[in-house]
Amino acid sequence: MKLGSLKLGRDGRLVVVSHDLAWCADARHIAPTLQAALDNWAEAAPRLELLATDLAHDAIPKERFHERDADAPLPRAYQWADGSAYVNHVKLVRQARGAELPESFWTDPLMYQGASDEMLAPRDPIPLADESWGCDLEAEVIVVTDDVPRGISREEALEHIKLIGLVNDVSLRGLIPAELAKGFGFLQSKPASALSPVLVTPDELGERWKDGKLHGPLMVDLNGEPFGRADAGEDMTFDFGTLVAHLAKTRNLGAGSIVGSGTVSNRDTDGGPGKPIARGGRGYSCLAEVRTVETILDGKAATPFLKAGDSIRIWMEDEHGHAIFGTIEQTVVNG
């Protein structure tokens, strides 16, 4: 089952979307918004599944689903917690600045709480007031939970993952060092993130969703050119069950909590830093990583951060080459 939100008010209106993302059916008679459905998932999910089946069989009224009209599936969420499950990415960034990677990073997940009062729609522009802030994309996988009890195990946490999607976790790299130096974490350096047009139930993904990981290349284009094709299921040190359980160690999680994987990152086949696509590698899911590799190999970064007019596309394809979650397609604008 695929769910999305069309723009209406602050929280959108819930729709069930066809497998090919061409059509949708209004679901407001079941739940007015996706958040409302998640609040009462045990009752709402079976009814939404029946609606999805009726949509697939043309048994109900339907309308065209245009990704340009889609809001973020959760235009505002109660929680957005982003992990850093690909320790290869963390290792590279630290290596570039001459810092050792603590052994605990391989056993204890990194995670921060981001602002989720505004989640950008998949076609919303990325506003950038100052290019010196170092605007970066971060292509990631996300999961959305129902209510999660405190102290849950990894295996139990997997059962509370109800939806899966993608996010562009925008970062302002130039603002990060000063914020981290305060010892209190990210704030201004993490503006609003953009969600994929639809979120998908695990059963819809088949073998792509396995052991708490989403398998397959995460596609990233920068200014119309291939930039990243890293496999989201490889080199993921912490699966989503582990990440959700980590977040819930000391607190209950409210329905609609979004948990991110962190930047998807693959090692090269020889175990070294990943290579650009042009050199036969899988590329990168953020600019910071390619700049890090350039620093390690050449002594300095050559790839610039995003500026006004730059465009990005983030998506994942099924076996037929169709976008599973729709496409995040954004342009950087002054503002």
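The following conversation concerns a predicted model, its sheet, its nonpolar cores, its cysteines and one loop residue.

Biologist: What kind of model is this, and how are residues numbered?
Modeller: The model is predicted: local features need pLDDT of at least 70, side-chain atom pairs count only at pLDDT 80 or more, and totals for chains, interfaces and linings use all residues. Residues are numbered from 1 along each chain as its sequence is written, and side-chain values use heavy atoms, with hydrogens and water left out.

Biologist: What is the strand order in the open sheet of 5 strands?
Modeller: The order is β8-β21-β20-β17-β18, with mixed pairing. Strands are DSSP runs of E with at least two residues, and helices are runs of H or I with at least four, numbered from the N terminus. Two strands pair if DSSP finds at least two bridges between them.

Biologist: Which are the edge strands?
Modeller: They are β8 (126-128) and β18 (225-228), each of which pairs on one side only.

Biologist: How does β17 pair with β18, parallel or antiparallel?
Modeller: Strand β17 (residues 219-222) pairs with β18 in the antiparallel sense, over 3 bridges. L222 has E225 in β18 as its bridge partner.

Biologist: Turning to the interior, which residues touch the most other members of the largest nonpolar core?
Modeller: I164 and F325 do, in a core of 66 residues. Helix α6 (residues 240-247) gives the most to this core, with 5 residues. Such a core is a set of buried Ala, Val, Leu, Ile, Met, Phe, Trp, Tyr and Cys residues joined through side-chain atoms within 4.5 Å. Buried means under 20% relative accessible area, exposed over 50%, and partly exposed in between, with a 1.4 Å probe and protein chains only.

Biologist: What does F325 touch?
Modeller: Leaving out residues up to four places away in sequence, the contacts of F325 include L21, I164, L166 and M316. Contact means heavy atoms within 4.5 Å.

Biologist: How many disulfides are there?
Modeller: A search of the whole structure finds 0, where a disulfide is a pair of cysteine sulfur atoms within 2.5 Å.

Biologist: Why is C286 not in a bond?
Modeller: Its closest cysteine sulfur, in C135, is 12 Å from the sulfur of C286, which is too far for a bond. C286 counts as buried, at 0% relative accessibility.

Biologist: Last topic: where does A192 lie?
Modeller: A192 is in the loop between α5 (176-181) and β13 (194-195). Not counting residues up to four places away in sequence, A192 touches E118, L120 and V170.
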